Amino acid sequence: MEFLTHDFIPYFILAVGYGIPILYGTLGGILAEKAGNINLGIEGMMLMGAAAGFLVSLSTENVIYGLLAAVLAGGFGALIYAFLTVSLKANQIVTGLALTIFGAGMTKFLLNLNKEVVRIPNSVQKSLKPILSDVLGIEGLEHSIFKIFDLSILVYLAFLIAIVLHFYLNHTRYGLNLRAVGENLAAADAAGINVNLYKYVHVVLGGALCGLGGAYLSMYYIPIKTEDVVHGNGWIAVALVIFVSWKPLRAIIGSLLFGALSLLGKSLQTGVSLSPYLLDMLPFIVTILVLIITSVQMSKENAQPRSCGLNFDREER
Amino acid sequence: MNLFRLVKRDTITSMHHTFIRVIAILIAFGLSSLLLVFTKSDPIQAFYNLLIEPFQYRSGPIEIIKLTTSLTVISLGIGFAFKMKFWNIGAEGQILLGAIGAMVVARSLPTMSAVGLLPLMLLGSFVFGALWGLLPAFFKAKFGTNETLFTLMMNYIALNIVKTLESGPWKDPKSFQNTITPLPDNARIPSLFSEIPWSLLNAGFGIAIVLTAFAYYYINHTKSGYELSVVGESESTARYAGMNVFAIVMRTMIISAGICGIAGFIQVAGNNSTLSSGVAGGLGFTAIITTWLSKLNMFMIPVVSFIFAIIAIGKDGLITIGIPSAAADAIQGIILFCVLGCEFFIRYKIVLIKKSDEFISKVRGAA
């Protein structure tokens, strides 16, 4: 019992918080890939969301405007990607990479325009803080399992979005249409689905989710000016999309696992005499293992949407 | 109601082709200027500092050529993989491993003369880089494992290996910080022209020229080069033609990652004096842009690399006029977006549908 309350529960809670940006990124990636677009720009869109959320909540001191800016910034990045890949039929892989390069550059550029600022106002961060303990002042939650009800509002929003997406993809007509687009462009087109519209809408929505993930990092988790606040989380999300086999509910568990894993590296560092950098490799090594395992035992129902990477061209059916 | 329709072009003259590209670059500069104006900076001054100023201070041209050398070598390496549609975005890690390979050789043969040591270091960097790239290649060829993510994750692992070496096993005992002991003179790439002011220019430049010629010859004039292009176009065609796709993927990735490894050697023994975690410093990602902008034409790679080297050196000059140097990174992204978009106008022609005209003439005819 001592172990449970003293070590495991706090660790579990930390892991949940750590995995949330990855969860947002993964959900965004799932939406895009269900529409048949591999978007490698998740890292870039998260960075753009992070920068926009940080800068806008800084100047307006309003958390809602900050979050809205992050959503718009992520969506804007995705819109560039959608315009290039859907309308102009550019290569999805290279366009996604370009988006990440652009997003990282823009973030650094915008954050460095104002040299004096180091952190966002406390009032903004406070409204994103745990509701029960920090806002209502309830004490004694630290080592109890009830702490799970006492996390940032953005954590629950992520869970909610995952559940909504699950129903959307599996139990609504739009969701089924979307999956048709992702599986077979020509068949979806023949069935009267507006393929390009579906692609645009879902790629952009996916980008907006990535933007929220970035905002979680820059406005709440690390509210200090940091150039690379996302730090590879977007890339892990790209891999996690595959790991959770394009299923939003599994993404919750997947992100929790990765959150726990990344923390494991950090918490082991105190006790073990290994180089800290060796432990930092852990999430990346596990990602590779995940990639290998999923590719070796790829079953039909857990496969990537079949039209992923292909651009729609009526002429070329 | 569509106002226009798309027609696929059968042929396009190279003049027209170039024209579209130039327009794309101009649009990129226009958009970049907008970005700068929006952030209350002077775009003309910014482009001057970015593109012209680097040539005006004494070490500028040398820095540019050194960077062009490294970017060219890395882009050539990536070019091999991209030609095969193997999305190797792990150049960053392959550079680091190549650098480690060169260091291993140099550290284990401290007394050897430069004539013998440098070729061995080159070989070491090639082998280490190639092995780092071979791992994702194997799983891609065998099980279809996603190579984009695999190679990318390998970057982070490589970076942490170098950080580990920096902080422990290879740490310079004389230094208070985590730095690795500098290489002795016999393990440094010599200058090409020691008597003229360009003395800082090292033989890495020569390596880049040789590799460019090799890459062009290999891809355009050898059977292996042809095979890798076929695998890139269609894996099933390659299989149907009886090609051993597994062997082709492995062979090409040895070359691709090995050449990126050589860039690591040029970085540690030529441009820097030792290995550090900043040895790759994002070059592996910039090279993805330069490779793509070259349209995988091996002779275009040095040209595009040269332009990007100017931007990379010039970006420090932005700080003097109060613009964060990262503006250059954003501009690079914008250029890539515009060029990616312009490919569409090279492949398709937009034809306006003049329905209204037809209608009017019909009405007039009836009257």
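Buried, on this tour, means under 20% relative accessible area, exposed means over 50%, and partly exposed is what lies in between. Keep those cut-offs handy, and remember that you are looking at a predicted model.

**Stop 1: across the chains**

Select B:Asp329 first. With a relative accessible area of 15%, B:Asp329 falls under the 20% line and so is buried. Now add A:Lys108 and look at the two side chains: they meet in a salt bridge, 3.9 Å from N to O. You are crossing from one chain to another here, since B:Asp329 sits in helix α13 (residues 327–347) of chain B and A:Lys108 in helix α4 (residues 92–113) of chain A. The lysine end is partly exposed, because A:Lys108 has 31% relative accessibility.

Add B:Lys315 to the selection as well. Salt bridges with shared partners join A:Lys108, B:Lys315 and B:Asp329 into one network. Over all chains, a search of the whole structure turns up eight salt bridges.

While you have both chains on screen, select A:Lys89 and B:Tyr348. A:Lys89 lies over the face of the B:Tyr348 ring, 5.9 Å from the ring centre.

**Stop 2: a glutamate with two partners**

Move to B:Glu227 in helix α8 (residues 223–233) of chain B. Is B:Glu227 buried or exposed? At 12% relative accessibility, B:Glu227 counts as buried.

Show B:Lys223 next. Its side chain meets that of B:Glu227 in a salt bridge at 3.5 Å, N to O. The two are four residues apart in helix α8 of chain B, so about one helical turn separates them. An α-helix has 3.6 residues a turn, so residues three or four places apart point the same way. B:Lys223 is exposed, at a relative accessible area of 64%.

Then bring in B:Arg251, the partner in another salt bridge with B:Glu227, this one at 2.8 Å, N to O. B:Arg251 belongs to helix α10 (residues 245–271) of chain B while B:Glu227 is in helix α8, so this pair ties together parts that are 24 residues apart in sequence. B:Arg251 is partly exposed, with a relative accessible area of 29%.

**Stop 3: along helix α5 of chain B**

Select residues 114–143 of chain B, which make up helix α5. How far apart are its end C-alpha atoms? They are 43 Å apart, and because 30 residues at 1.5 Å a residue should span 44 Å, the two values agree.

Walk along the helix to B:Leu134. α5(B) bends by about 30 degrees there, and a proline, B:Pro136, follows within four residues. Carry on past the end of the helix and you come to B:Gly144, which has a positive phi of about 70 degrees.

**Stop 4: the phenylalanines**

Stay with chain B and pick out B:Phe138, B:Phe139, B:Phe143, B:Phe150 and B:Phe246, which form one aromatic cluster. Before leaving the cluster, add B:Lys142: its charged end sits over the ring of B:Phe246, 5.0 Å from the centre.

Zooming out for a moment, 22 aromatic pairs are found over all chains in a search of the whole structure. One of them is B:Phe138 with B:Phe139, an edge-to-face pair with 5.2 Å centre to centre and 85 degrees between the planes. B:Phe138 is partly exposed at 30% relative accessibility, whereas B:Phe139 is buried at 16%.

Select B:Phe344 and B:Phe345 for another neighbouring-number pair. Their ring centres are 5.2 Å apart and their planes lie at 90 degrees, so this pair is edge-to-face. B:Phe344 is buried, with a relative accessible area of 4%, while B:Phe345 counts as partly exposed at 33%.

**Stop 5: over to chain A**

Finish by showing chain A as a cartoon. You will see 14 helices and zero strands. Buried residues make up 55% of its 317 residues. Of the contacts in chain A with a separation of 6 or more, 79% are between residues 24 or more positions apart.

For a last close-up, select A:Thr26 in helix α1 (residues 2–34) of chain A. A:Thr26 is buried, at 0% relative accessibility. Which residues does A:Thr26 touch, not counting those up to four places away in sequence? Show A:Ala237, A:Leu240, A:Val241, A:Val244 and A:Ala251 to see them.

Note on methods:
Residues are numbered from 1 along each chain as its sequence is written. Chains are lettered from A and ligands numbered from 1 in the order in which they are written. This is a predicted model: local features need pLDDT of at least 70, side-chain atom pairs count only at pLDDT 80 or more; totals for chains, interfaces and linings use all residues. Side-chain values use heavy atoms; hydrogens and water are left out. The expected span of a helix is 1.5 Å times one less than its number of residues. The bend at a residue is the angle between axes fitted to the seven residues ending there and the seven starting there. Rings of Phe, Tyr and Trp (its six-membered ring) pair if their centres lie within 6.5 Å; planes under 30 degrees apart count as stacked, over 60 as edge-to-face and the rest as tilted. Buried means under 20% relative accessible area, exposed over 50%, partly exposed in between (1.4 Å probe, protein chains only). A charge sits over a ring if NZ of Lys or CZ of Arg is within 6 Å of the ring centre and within 35 degrees of the ring normal. A salt bridge is a side-chain nitrogen of Lys or Arg within 4 Å of a carboxyl oxygen of Asp or Glu. Contact means heavy atoms within 4.5 Å.
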